[in-house]
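This report describes the fold, the charged contacts, the aromatic contacts and the surface of one protein chain. The sequence and the structure are shown first.

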Amino acid sequence: MKSISIIMPIYNTEEFLVHSIQSVLQQTYQNFELLLLNDNSEDNSKEIIENYMKNDHRIKAHHFTDRHGVGAVRNFGINMATGDYIYFLDSDDYLAPSTLQILIENIHNFDLISGRLMRANVSLEHAAISNDQDNQDIKIYTNRKYRLIRNNSVLNRLFTKRFLADNNIRFSEDVENYSDLSFLVHAFSIVQEVPYTKESIYFKRRRNDPISNPSLLQTGMPGRINDFTHVYMHLKDNYSSDEKVNLFLDRQLFNFYRRQIVAYFRNNQNVDEVFSVLSDAMVRLNSNLVQKSPSRTKKEIKAIQTGNLIHYKKVNLKHQRLRNLKTALKGRRRLYIQLYRSLFMKMPLKKKTVVFESFLGKSYSDSPKYIYEYMIENKMDYNYVWIFNEKKNIPGNASQVKRFSLKYFYYLARAKYWVSNSRLPITLNKREGNVYLQTWHGTPLKQLVFDMVDVYSADPKYKSNFYRQSRRWDYLSSPNAYSSAIFRSAFKYDKEMLEFGYPRNDILYTKNNPDNINELKVSMRIPTDKKVVLYAPTWRDDEFYSAGKYKFTLQLELDKLQAELGDDYIVLLRMHYFIANQLDISEYSGFVYDFSSYDDIAELYLVSDVLITDYSSVFFDFANLKRPILFYTYDLENYRDKLRGFYLDIETEVPGPLLRNTEEVIHAISDIQNVQKDYATRYDAFYERFCKWDDGKASENTVKAVFK
Ligand code: C2G
């Protein structure tokens, strides 16, 4: 049986490596050797490799003591390989189970065979797609064989070792990016026919953290332009008489320019050096190709070919304006954004204007509310603007603007101060003089942004967008020392931390008395003679209708609760603000009340005798009241171990019992005094650790720090 040598260069991919190696070990075709080539990683890759080597004689490793780059490492692998075939796999990617088998069964007497590359967003089980065993579907490419290498990638192709050796086909070692290109052009210029199978699948992972751990493609544009043009020129010289190679190379350069380089030049200054490198390469472009391109691109390429950057910038800018106009005509929001950028941002800053937003305009609530109320009560000399989705009744004379309306963009461009408890859209820019107070919205239990390895079901740009958006923050409110430390690491936040407790919790100290509580109950139209249970769960990353619209399935059996507790208690249901579905509670009128659209959860805390939650940060705030807390964690394993990791050990550190079903919840509520006794020591320690900074004065201290 023929054997395959799999060559895997490794550099700082500890979080993906096990998965990648496992996908090889689980291949249906087992006659292989796996060459793990560690390019001097600084993380734990070395330990992972050594561990695997101990257990499987087919795994061989080499650890470089300084960095060689992917091209050199793969060349090293080719020399080391003892198999009949060579296959390249990157250490952050993985294979479908029958990938190798399909390739080896179909290569016959060809020198190489190509398979399909698919992009994968998330890791492990979520993407474990198996191959369709129907491997009849082989296409042979002859004339149009270069189409197969338009992705510039050597991945998911099987080569015979002899073919590579006889022709001395190797990767470029003098570039970081595009070292595959010379390898591929060399191989493809020799072979007449290349078979392709879409049944053999290689999963190329979309890396989601270009900030702390960029993949090669996520490294900077100047480097990529330099490397690409370097390889391009070199190949143009070597293959000057091969028309097909030339056309292929020109198309690659042309597409690289249109898809990426043009935007780079538009958005960056000091590009003289790469511009001249690109200009040298572009002069060699096939003139027919340029001639046939759209007139705007033609003009831009001609300007590059003259090497005159100033002229090119003018042409590029003119085209950009045309594109902007076209986009603006496509929709109202786009038009507003254009006006925001080209008009409002150029008007002077309003030094006395403060814009507030809480939970994406959904409510008048959270720390922004209490900061605002402190400012109006103290008659501070500012103008206030609140962003809402719908008009609200609020104290003071703040202007209200609808989120994403023309006025929204106008005020965000001109106001000196922004106060918000979550991120503002990436389309906005921070201007000189702007002061942005980020209050955030909870002590974290669930891991946040840069502390999460893989963001389940989130957009691959999540981390890089978060990074850009949080660079705008000037102040960040922190409720306790535990949160300060997490915010520093999870947000990579290094500016001023306001360590005064949460403004949103002031009310839990200033209004925690029977008169205020009674008054609140009356205004909420709930009975004043019953005890109140508040059920406030969080959202689940894997239960949604569409992006941003999450659904919640109620697992509390309300009829049982009513039967057992209905005489003494009422229940307030409070869904997270991401939850889009309405719960039908009409059967339970007089016992269950839906407070999901009530603005301020702090007021619900005040009127509640018991809180039931799960993994929501609400318990950190509620604990300020020192009232009992129950954790209804019916899906703990899935939530903690699959969706999100936790910062705390929920089984030993939270101030109340973890309950699994409605019966346990009922039992705990009926026996609430004993629950309190049992958890008293833990509760005290918890209060000490998380609530100590809250003293009713956080709003005042915050305002004094920011509006000096
Ligand atoms: N919230 C609410 N009602 C709920 C759940 C949450 O009003 N049923 C509010 C609370 O103010 C809570 C905040 O939304 O503190 C954040 O909710 P979490 O459930 O903790 O979830 P998330 O929005 O993912 O934020 O650092 C905190 C994390 O970012 C969590």
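Are R644 and D541 buried or exposed? Both R644 and D541 are buried. The coordinates that underlie this statement, and the rest of this report, are those of a predicted model.

## Overall architecture

The protein has 708 residues, of which 55% count as buried. Its secondary structure comprises 28 helices and 24 strands. Taken along the principal axes, the C-alpha atoms fill a box of roughly 90 × 60 × 45 Å.

One contact between distant positions involves T702, a residue of helix α28 (residues 698-706). T702 and L498 are separated by 204 residues in sequence, yet their C-alpha atoms are 6.8 Å apart in space. T702 has a relative accessible area of 1% and is therefore buried.

## Salt bridges

A search of the whole structure yields 29 salt bridges. Among them is the contact between the side chains of R644 and D541, at 3.3 Å from N to O. R644 is located in the loop between α23 (636-643) and α24 (650-653), and D541 in the loop between β17 and β18 (544-546), so this pair ties together parts that are 103 residues apart in sequence. Salt bridges with shared partners also join R74, D90 and D180 into one network.

A further salt bridge is formed by D600 and K369, whose closest N and O atoms are 2.8 Å apart. This pair links distant parts of the chain, 231 residues apart: D600 belongs to the loop between β21 (592-594) and α21 (601-607), and K369 to helix α14. Both D600 and K369 are buried.

R323 and E300 meet through their side chains in a salt bridge of 3.5 Å, N to O. Since R323 lies in helix α12 (residues 309-328) and E300 in helix α11, the pair ties together parts that are 23 residues apart in sequence. The two partners fall into separate accessibility classes: R323 is partly exposed at 26% relative accessibility, whereas E300 is buried at 2%.

## Aromatic contacts

The count of aromatic pairs comes to 69. One of these is the stacked pair of F356 and W386, with 5.3 Å from centre to centre and 15 degrees between the planes. The pair connects distant parts of the chain, with F356 in strand β10 (residues 350-357) and W386 in strand β11 (residues 383-388), 30 residues apart. F356 has a relative accessible area of 0% and is buried; W386 also counts as buried, at 0% relative accessibility.

W473 and Y493 form a tilted pair, with 6.2 Å between centres and 45 degrees between the planes. W473 occupies the loop between α16 (462-470) and β15 (475-477) and Y493 the loop between α17 (481-490) and β16 (496-498), so the pair ties together parts that are 20 residues apart in sequence. W473 is buried at 0% relative accessibility, and Y493 is buried at 3%. W473 and Y493 belong to one aromatic cluster together with W440, Y462, F466, F487 and F491. Helix α16 itself is mostly covered, with seven of its nine residues buried. The buried residues of α16 include the cluster members Y462 and F466, and K463, S464, N465, Q469 and S470 are buried as well.

## Positive surface patch

K139, R144, R147, R150, R251, R258, R259 and K292 form a positive surface patch. Helix α8 (residues 243-267) gives the most to this patch, with three residues. K292 is placed in the loop between α10 (287-291) and α11 (295-306). With a relative accessibility of 72%, K292 counts as exposed because the cut-off for that class is over 50%.

## Backbone conformation

Most residues other than glycine have a negative phi. Against this background, which value of phi does L360 have? L360 has a positive phi of about 55 degrees, although it is not a glycine. L360 is found in the loop between β10 and α14 (366-377) and is partly exposed, with a relative accessible area of 22%.

R525 likewise is not a glycine and has a positive phi, of about 60 degrees. R525 lies in the loop between α19 (514-524) and β17 (531-535). Its relative accessible area of 73% makes R525 an exposed residue.

Conventions. Residues are numbered from 1 along each chain as its sequence is written. This is a predicted model: local features need pLDDT of at least 70, side-chain atom pairs count only at pLDDT 80 or more; totals for chains, interfaces and linings use all residues. Side-chain values use heavy atoms; hydrogens and water are left out. Patches are made of residues with over 30% relative accessible area and no salt bridge: like charges are joined within 9 Å, nonpolar side chains (Val, Leu, Ile, Met, Phe, Trp, Tyr) within 5 Å. Accessible areas come from the Shrake-Rupley method with a 1.4 Å probe; for residues, only the protein chains shown count as cover. A salt bridge is a side-chain nitrogen of Lys or Arg within 4 Å of a carboxyl oxygen of Asp or Glu. Lys and Arg count as positive and Asp and Glu as negative; His and the chain ends are not counted. The place of a charge is taken as NZ of Lys, CZ of Arg, CG of Asp or CD of Glu. Helices (H or I, at least four residues) and strands (E, at least two) are DSSP runs, numbered from the N terminus. Buried means under 20% relative accessible area, exposed over 50%, partly exposed in between (1.4 Å probe, protein chains only). Rings of Phe, Tyr and Trp (its six-membered ring) pair if their centres lie within 6.5 Å; planes under 30 degrees apart count as stacked, over 60 as edge-to-face and the rest as tilted.
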